[in-house]
Amino acid sequence: MAARRSPACGRKTSGPTRTVKVVVLGQAGVGKTAMTVRFVTKRFIGDYDPTLEAKYHHLEFVGDDLVQFEVLDTAGQEENSLAVEQKIRWGDAFIIVYSINDICSFDEVMRIKFLINHTKGPDTPVTLVANKRDLELDRMVARLDGEKMADTLGCSFSEITTKESYIEVARVFEGLYSKCKEQSQTKDVRRGSPRSSPKLSPRPHIRRVKNLLKSTAGKHLDVPSFGTNFC
């Protein structure tokens, strides 16, 4: 399944279209599909088949960058770690979603982040999203607990209501792209920085020749042949 929306007509970009692959992870029923469809179409649809998995394509401006978002909305059913790791390998950046009215979905967050670290590395761009803020009366996970979890896992954090706010959803994806771009620029700078060459000591035969030349300055000298023994 794919959805596309054209960028604003006539708007200038700062360069070629950039592509970022985002994987949305979390237990079933936390609102992953509703959040993804909200970002792609701006519409909120509340009911989805939790067993379905879909990939969406969405063209969006983030600042002056024209970004092609490829979003893998995972089913969220009970899966073995190998199945989840295969999906993680595909992605560049990740959104881990839990619902504020489901403590079990919150408990699953740490396992998912461990799989991301194991598969892609601890510096991979990840954001933790607490969804369904509109269900405040049913809240089981405090905002502070979500913030602490994100801090512990080394990722950014957002608490949103997919149902009531498109802007909050868009900021999640746009913020994740910005993290990817920042990380990419940092890597480019590191690659382009000149590396200082290690200082090597002269080889033994070079030192011996120099010493001989110094000690026999102005004299006729038959320089011995230095074979491969000294290399």
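Student: Which residues touch the most other members of the largest nonpolar core?

Tutor: Met35, Phe69, Ile95 and Phe173, out of 27 residues in that core. Before we dig in: this is a predicted model, where local features need pLDDT of at least 70 and side-chain atom pairs count only at pLDDT 80 or more, while totals for chains, interfaces and linings use all residues. Residues are numbered from 1 along each chain as its sequence is written, and side-chain values use heavy atoms, with hydrogens and water left out.

Student: What makes a set of residues a nonpolar core?

Tutor: They have to be buried Ala, Val, Leu, Ile, Met, Phe, Trp, Tyr or Cys, joined through side-chain atoms within 4.5 Å. In general, nonpolar side chains tend to be buried together in soluble globular proteins. Here β1, α1, β2, β3, β4 and α6 each give two or more residues to the largest core, and α6 gives the most, with eight. A second, separate core has 23 residues, including Val84, Ile96, Leu115 and Phe157.

Student: What does Ile95 touch?

Tutor: Contact means heavy atoms within 4.5 Å. Leaving out residues up to four places away in sequence, Ile95 touches Val22, Val23, Val24, Leu25, Met35, Thr127, Val129, Val172, Phe173 and Leu176.

Student: Why is Phe39 called buried?

Tutor: Buried means under 20% relative accessible area, exposed means over 50%, and partly exposed sits in between (1.4 Å probe, protein chains only). Phe39 comes out at 0%, so buried it is. Phe69 is also at 0% and counts as buried, and Phe173 gets that label with 0% too.

Student: And what makes Phe39 and Phe69 an edge-to-face pair?

Tutor: A ring pair is described by the distance of the centres and the angle of the planes. Rings of Phe, Tyr and Trp (its six-membered ring) pair if their centres lie within 6.5 Å; planes under 30 degrees apart are stacked, over 60 edge-to-face, and the rest tilted. Phe39 and Phe69 have 5.1 Å between centres and 85° between planes, so they pass as a pair and as edge-to-face. The two rings come from distant parts of the chain, 30 residues apart: Phe39 in helix α1 (residues 32–41) and Phe69 in strand β3.

Student: Why is Phe39 with Phe173 called stacked, then?

Tutor: Their centres are 4.1 Å apart and the planes differ by 5°, so the angle falls in the stacked range. This pair links Phe39 in α1 to Phe173 in helix α6 (residues 166–192), 134 residues away. Phe39, Phe69, Phe173 and Tyr177 form one aromatic cluster.

Student: How do you know that α1 is mostly covered?

Tutor: Nine of its ten residues are buried. As for what makes it a helix, helices are DSSP runs (H or I, at least four residues), strands are E runs of at least two, and both are numbered from the N terminus. Just after α1, Lys42 takes a positive phi of about 70°.

Student: How do you know that β1 pairs with β3?

Tutor: Two strands pair if DSSP finds at least two bridges between them. Seven bridges join β1 (residues 18–25) to β3 (residues 65–73), so they qualify, and they run parallel. Val20 stands opposite Phe69 in β3. β1 also has four bridges to β4 (residues 93–99), again parallel, with Leu25 opposite Ile96. β2 and β3 share nine bridges but run antiparallel.

Student: What makes β2 and β6 edge strands?

Tutor: The open sheet of six strands has the order β2-β3-β1-β4-β5-β6, with mixed pairing. β2 (54–62) and β6 (156–159) each have a single partner strand, so one side of each is left without a neighbour in the sheet.

Student: Last one: why is Ser105 called buried, and what does its side chain reach?

Tutor: Its relative accessible area is 1%, so Ser105 falls on the buried side of the cut-off. Ser105 is in helix α3 (residues 103–107). A polar contact is a pair of N or O atoms within 3.5 Å; within protein, one must be able to donate a hydrogen and the other to accept it, and residues adjacent in sequence count only if both atoms are side-chain atoms. The Ser105 side chain reaches the backbone nitrogen of Ser99 at 3.1 Å, and a polar atom of that side chain lies 2.7 Å from the backbone oxygen of Asp102. Both distances are within the limit, so both count as polar contacts.
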